[in-house]
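Trainee: I would like a close look at one part of this model, the packing in its interior. Please go through it in one connected account.

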Amino acid sequence: MSAQKGRATVKERAELALNDEFLVKAVKFTTERLRNGKKNASAEHGNWDEWRERGRQIRLHTIAHLDYYLNLFVENARANGVHVHFADKGEDAVAIAMDIAQRKAAKTVVKSKSMVSEELHLNHALEQIGVEAIETDLGEYIIQLAGEMPSHIVIPAIHKNRYQIADLLSEVAGEKLEADTTVLAGFVRKKLREKFLEADIGMTGCNFAIAETGSMVLFENEGNARMVTTVPKTQITLMGMERIIPSFEDLEVMATLLPRSATGQKLTMYMSAITGPKRTADADGPEEMHIIIVDNGRSLQLGDPEFQELLNCIRCGACLNACPVYRHIGGHAYGSTYSGPIGAVLTPALNKNVAEWDDIANASSLCGACYEACPVKIPLHEMLIYLRRRKVETGNGKAVETAGMKGFAALTGSSAAMKAALAIGKIGQRLVVRGGEIRTKLGPLKGWNSYRVTPSLPRRSFRDRWEKLNREVDADRPQMAPDMKRRMEQIVKERGKGGGGHGGH
Amino acid sequence: MIHHYPKLFESDPVQLARAERLRDKSYEFTQFLVNVLGVTDVGASFPHKVTYHPSCHGTRLLGVKNEPMALMSNVRGLEFVPLPFAEDCCGFGGTFAVKMADISGAMVSEKVDHVKETEAEVLVGLDMACLMNIAGNLRYRGEQVRVMHLAEVLAEGAGLA
Ligand code: SF4
């Protein structure tokens with residue numbers, strides 16, 4: 001199913017979602033809940049914008065010195081007894097994980113909280129060598145059963161309602177389960193408990209990796225990640241190379257921003273920091289611990305002034321929940337592991353080959369809700385424009401559009417040309433205007449007029465009236481009062497201080 | 001948009017200076033009235049039920065937040081009803097409305113659902129593109145809600161139009 005979706009165009013995938021009433025309803029329901037939660041939690045925090053700026057500064061600083069902090073992390077992790085591996089490409093990471101599994105003669109792997117493993121399509125690879133990979137987050141478990149990709153970076157099964165989930169789980173149970181959240185979660189918990197006990201390897205992602213101690217930190221609500229990291233004898237952590245933060249002090253800021261932005265919680269139910277394998281005095285924990293640090297296109301962003309900030313992302317999902325496009329089409333329409341505004345930018349950015357980019361950067365109205373929601377102020381709405389520009393500049397744009405834009409530039413660049421075009425337009429529109437409106441669905445108006453009517457050009461436009469208006473205004477133009485001038489200067493000064501974003505608005 | 005011009009001329013100091021001068025003297029309508037002229041009451045009266053769509057670029061990029069409310073709250077007889085999900089984009093987005101017509105259509109349809117929920121007689125906004133978009137869907141659905149720029153409300157309410 002996911003492979004099929006991968007081949008379709010963005011528009012086709014979006015259409016599929018738009019026509020799926022259950023999906024749209026489920027996505028709206030949960031994103032609204034999350035976004036309200038975030039709104040309340042950040043308002044209650046009282047100093048949200050200041051902390052956002054703090055978070056942004058920490059991320060900017062870390063990424064600017066990523067080589068240093070990454071080295072420090074690796075040194076400390078190794079000193080703690082962790083085996084650290086580097087994977088340049090996705091395939092490399094997969095090969096490393098398979099190698100560990102084979103060496104351990106593993107039959108089952110229990111997994112939790114790893115978008116990176118989704119990015120690598122690791123489950124599939126493990127299955128091919130006969131290793132069963134079991135997702136243990138409730139949402140991940142559900143989409144694994146359904147054979148789908150996650151449709152949200154925090155709530156992978158956001159597109160399913162509880163009746164659909166009950167149907168899926170009933171199949172596994174061999175009996176009809178009630179569509180009640182407690183019943184369903186209870187069933188999964190029981191089912192997974194057996195798997196935890198028999199698993200040879202536990203595999204997780206990582207929310208933050210602390211350079212000063214070599215620890216990796218996980219935020220979760222279900223307690224399963226803690227099971228995954230303590231029960232099996234071998235533990236593998238997959239982490240994107242940008243997950244680093246310098247110290248536990250910085251974690252305080254991140255722990256303030258992440259749960260509030262993701263779900264509106266002050267803190268998740270569990271927050272675990274894992275520093276190396278089990279020591280003799282420890283009651284539990286893995287005997288062997290591996291960390292695979294994955295690049296897979298991330299380092300391409302380093303030194304790119306337009307996209308480096310992408311590496312600041314803490315994968316909270318707030319931009320998805322705020323996005324009015326995501327709200328209507330859900331995650332699968334984005335066609336890759338990462339969906340929503342962050343996915344629309346990250347997916348192409350990780351892939352340097354512009355010719356392979358699909359149209360996803362066009363599936364945005366550039367409303368800026370993502371930027372406003374982002375706890376580390378990543379200017380995604382601007383990055384979407386950079387993506388569009390790069391596509392055109394490398395000759396991968398659409399010819400019709402380029403011609404259209406050239407025409408538009410010619411018209412708006414010359415007052416006379418504009419005037420002439422409007423005059424022609426006024427005559428031409430007589431063919432289609434009825435009662436001041438244009439309703440035809442022919443030609444370029446098809447898309448617009450399938451949902452709207454188009455207003456006709458007015459008989460007298462502002463341009464026609466301007467000459468007279470200008471004369472009237474000029475006739476009695478008073479000197480600007482000094483206090484007014486002062487206010488204007490003050491406003492201009494304030495404008496400079498946006499903080500975040502590249503646009504300088 | 002004018003506030004983005006300097007970005008386009010970054011490599012051309014002469015044009016950059018011109019673009020910055022243009023930016024510095026360009027204001028959004030309500031910001032100019034309220035913050036520069038210091039006017040919040042134009043003496044208008046507009047006895048209608050009104051709701052307001054805060055456009056994305058106005059609020060998020062230009063920082064227009066309280067100014068329109070300050071002006072509307074001083075219009076006599078104006079009954080203000082808040083728009084549910086007001087901050088959600090109306091779906092215009094320039095070429096987006098044409099290229100991704102179905103997504104944009106779903107967005108504007110939902111916006112109009114929310115406008116209808118308020119039972120307002122007039123929808124007010126500050127961005128002509130959003131207003132054209134929303135009005136287009138309202139007319140398409142045969143709805144009678146008037147769609148006006150706040151300047152039109154003030155002008156009509158003060159007997160200027
Ligand atoms: S881009 Fe920002 S809002 Fe979106 S997931 Fe990343 S950190 Fe969260």
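Mentor: What follows goes from the nonpolar cores to a sheet and then to the helices that link the two chains. The model is a predicted one.

Start with the largest nonpolar core, which holds 92 residues. The members that touch the most other members are Phe208(A), Ile292(A), Leu310(A), Ile342(A), Leu380(A) and Ile103(B). Among the elements, helix H13 of chain A (residues 248-262) gives the most to this core, namely seven residues. Two domains of chain A, domain 1 (21-300) and domain 2 (308-393), each supply at least three residues to the core.

Ile342(A) can serve as an example of a core member. With neighbours within four places in sequence left aside, Ile342(A) is in contact with Ile153(A), Leu310(A), Cys313(A), Cys319(A), Leu320(A) and Leu380(A). Two of these partners, Leu310(A) and Leu380(A), are also on the list of residues that touch the most other members.

Apart from this core lies another, of 23 residues, including Leu66(A), Val84(A), Ala211(A) and Ile244(A). Ile244(A) is also a contact of Thr62(A), together with Tyr69(A), Ile245(A) and Pro246(A), again leaving aside neighbours within four places in sequence. Thr62(A) itself belongs to helix H4 of chain A, residues 48-64. Is Thr62(A) buried or exposed? Thr62(A) counts as buried because its relative accessible area is 0%, against a cut-off of under 20%.

Strand S8 of chain A covers residues 244-245 and is one edge of a sheet, with strand S9 (270-274) as the other edge. The sheet is open and has four strands in the order S8-S5-S6-S9, with mixed pairing. Strand S6 (215-220) runs antiparallel to S9(A), and five bridges join them. Phe219(A) faces Met271(A) of S9(A) across this pair.

Now the helices that bring the chains together. Helix H2 of chain A (residues 10-18) and helix H7 of chain B (residues 101-118) have axes that come within 9 Å and cross at roughly 35°. Ala14(A), Glu15(A) and Leu18(A) on H2(A) meet Asp102(B), Ile103(B) and Ala106(B) on H7(B). By type, the contact has four nonpolar, no polar and two charged residues. Ile103(B) has already appeared, as a member of the largest nonpolar core.

A further link involves helix H3 of chain B (residues 29-36), whose buried residues are Thr30(B), Gln31(B), Leu33(B), Val34(B) and Val36(B). Their cover includes helix H23 (482-495) of chain A, as well as helix H5 (67-72) and helix H9 (150-157) of chain B. Just after H3(B), Gly38(B) adopts a positive phi of about 75°.

Technical notes. Residues numbered from 1 in each chain as written. Chains lettered and ligands numbered in written order. Predicted model: local features only at pLDDT ≥ 70, side-chain atom pairs only at ≥ 80, totals over all residues. Heavy atoms only, no water. Helix = DSSP H or I, 4+ residues; strand = E, 2+ residues; numbered from the N terminus. Buried < 20%, exposed > 50% of the residue type's maximum accessible area, 1.4 Å probe, protein only. Contact = heavy atoms within 4.5 Å. Core = buried A, V, L, I, M, F, W, Y, C linked by side-chain atoms within 4.5 Å. Domains from an automatic or database assignment. Axes fitted to C-alpha atoms, helices over the stretch in contact; angles between N-to-C directions. Nonpolar A, V, L, I, M, F, W, Y, C, P; charged D, E, K, R; others polar. Pairing = 2+ DSSP bridges.
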